[in-house]
Amino acid sequence: MDKKPLIIILLGKSGSGKGTQVNLIAEKYGLKKIGSGELLRQRKKQEDFSGSKISTVIDNGGIIPTPVIFKLWMDKLEEFKKGSEFEGIIFDGSPRKIKEAYLMDEALEWYEWNENVKVILIDISDEEVVKRIASRAGLEDRPEDSPEGIKKRLAWFEAEVVPVINYYKENNRLITINGEQSIEKVFNDIENSIK
């Protein structure tokens, strides 16, 4: 009997430690990583219409439309489907809109990877986001880490990502992890939820 690939969808606000956990989980379970941010950064290096448009939109703090993101995802999924050594995938911070959640369900079904899907939310409060990003801003000079930038991202999370979280919750597919604890403890809780 074939072992079903493990598909993890990891959601969380900016500063929730998603990136750190994605790397730990991917390493532990041998998963491929798909992060929309990373895919877009690679894509904008191509010197064509979409490359330059992605670059402009990102540099101005805009949001890339779903079809563009989805094209990048589908190319990656197709590439993974060809590989023989495939344990599964971890999606870093996607889907980011309810439309993307529906599309992702359809895509996973298309590739026959929909039987072992875990949706995990690393949950932290808005106050914790502000605290963590403020301390990070001192170390890494990221323009989006300004107080205005943080406020904008939290409002966007509330408007776009919370409906995604509710969608998974209503379908009894959401695992919520307390993100306001040590990296080790968060990872431990995620591991237990995967088992």
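Visitor: Looking at the rings first, how many aromatic pairs does the count come to?

Guide: You're looking at a predicted model, where local features need pLDDT of at least 70, side-chain atom pairs count only at pLDDT 80 or more, and totals for chains, interfaces and linings use all residues. Residues are numbered from 1 along each chain as its sequence is written, and side-chain values use heavy atoms, leaving out hydrogens and water. Rings of Phe, Tyr and Trp (its six-membered ring) pair if their centres lie within 6.5 Å, with planes under 30 degrees apart counting as stacked, over 60 as edge-to-face and the rest as tilted. By this rule, the count is 7 aromatic pairs.

Visitor: What kind of aromatic pair do Phe86 and Trp113 form?

Guide: A pair of aromatic rings is described by the distance of the centres and the angle of the planes. For Phe86 and Trp113 the centres are 4.7 Å apart and the planes differ by 25 degrees. That angle is under 30 degrees, so the pair counts as stacked.

Visitor: How many residues apart are Phe86 and Trp113?

Guide: Helices (H or I, at least four residues) and strands (E, at least two) are DSSP runs, numbered from the N terminus. Phe86 sits in the loop between helix H4 (66-82) and strand E3 (88-92), while Trp113 sits in the loop between helix H5 (98-110) and strand E4 (117-123). The pair thus links distant parts of the chain, 27 residues apart.

Visitor: Are Phe86 and Trp113 buried or exposed?

Guide: Here buried means under 20% relative accessible area, exposed over 50%, and partly exposed in between (1.4 Å probe, protein chains only). Both Phe86 and Trp113 are buried.

Visitor: Which residues do ring pairs link into a cluster with Phe86 and Trp113?

Guide: Ring pairs tie four residues together here, and Phe86 and Trp113 are among them. The others in the cluster are Phe80 and Tyr111.

Visitor: And what kind of aromatic pair do Tyr167 and Tyr168 form?

Guide: Tyr167 counts as buried because its relative accessibility is 15%, and Tyr168, at 0%, counts as buried too. Their ring centres are 5.2 Å apart, with 55 degrees between the planes. That makes the pair tilted.

Visitor: Moving on to charges, how many salt bridges does a search of the whole structure find?

Guide: Side chains of opposite charge can pair when their charged atoms come close. A salt bridge is a side-chain nitrogen of Lys or Arg within 4 Å of a carboxyl oxygen of Asp or Glu. The search of the whole structure gives 12 salt bridges.

Visitor: Which residue forms a salt bridge with Lys185?

Guide: Lys185 is partly exposed because its relative accessibility is 38%. Its partner is 4 residues apart from it in helix H8 (residues 183-194), so the two are separated by about one helical turn. The closest N and O atoms are 2.9 Å apart, and the partner is Asp189.

Visitor: Which residues are linked with Glu128 in a network of salt bridges?

Guide: Glu128 is buried, with a relative accessible area of 13%, whereas Lys131, at 56%, counts as exposed. These two form a salt bridge, the closest N and O atoms being 3.3 Å apart, and they are 3 residues apart in helix H6 (residues 126-139). The network joins Glu128 with Lys131 and Arg132.

Visitor: How far away from Lys118 is the nearest side chain of opposite charge?

Guide: Lys118 is found in strand E4, and Lys118 is buried yet has no salt bridge. Lys and Arg count as positive and Asp and Glu as negative, with His and the chain ends not counted. The nearest side chain of opposite charge is that of Glu115, at 12 Å.

Visitor: How many residues has the largest nonpolar core?

Guide: A nonpolar core is a set of buried Ala, Val, Leu, Ile, Met, Phe, Trp, Tyr and Cys residues joined through side-chain atoms within 4.5 Å. In the largest one, the residues with the most contacts inside it include Leu11, Ile34, Trp113 and Tyr168. This core has 32 residues.

Visitor: How many residues are in the other core, the one with Val22?

Guide: That core lies apart from the largest one. Val22, Ala26, Leu31 and Ile90 are among its members, and the core is of 15 residues.

Visitor: Finally, how far apart in space are Thr66 and Lys99?

Guide: Thr66 is in helix H4 and counts as buried because its relative accessibility is 3%. Leaving aside neighbours within four places in sequence, Thr66 is in contact (heavy atoms within 4.5 Å) with residues including Lys99 and Leu103. Thr66 and Lys99 are 33 residues apart in sequence, and their C-alpha to C-alpha distance is 7.8 Å.
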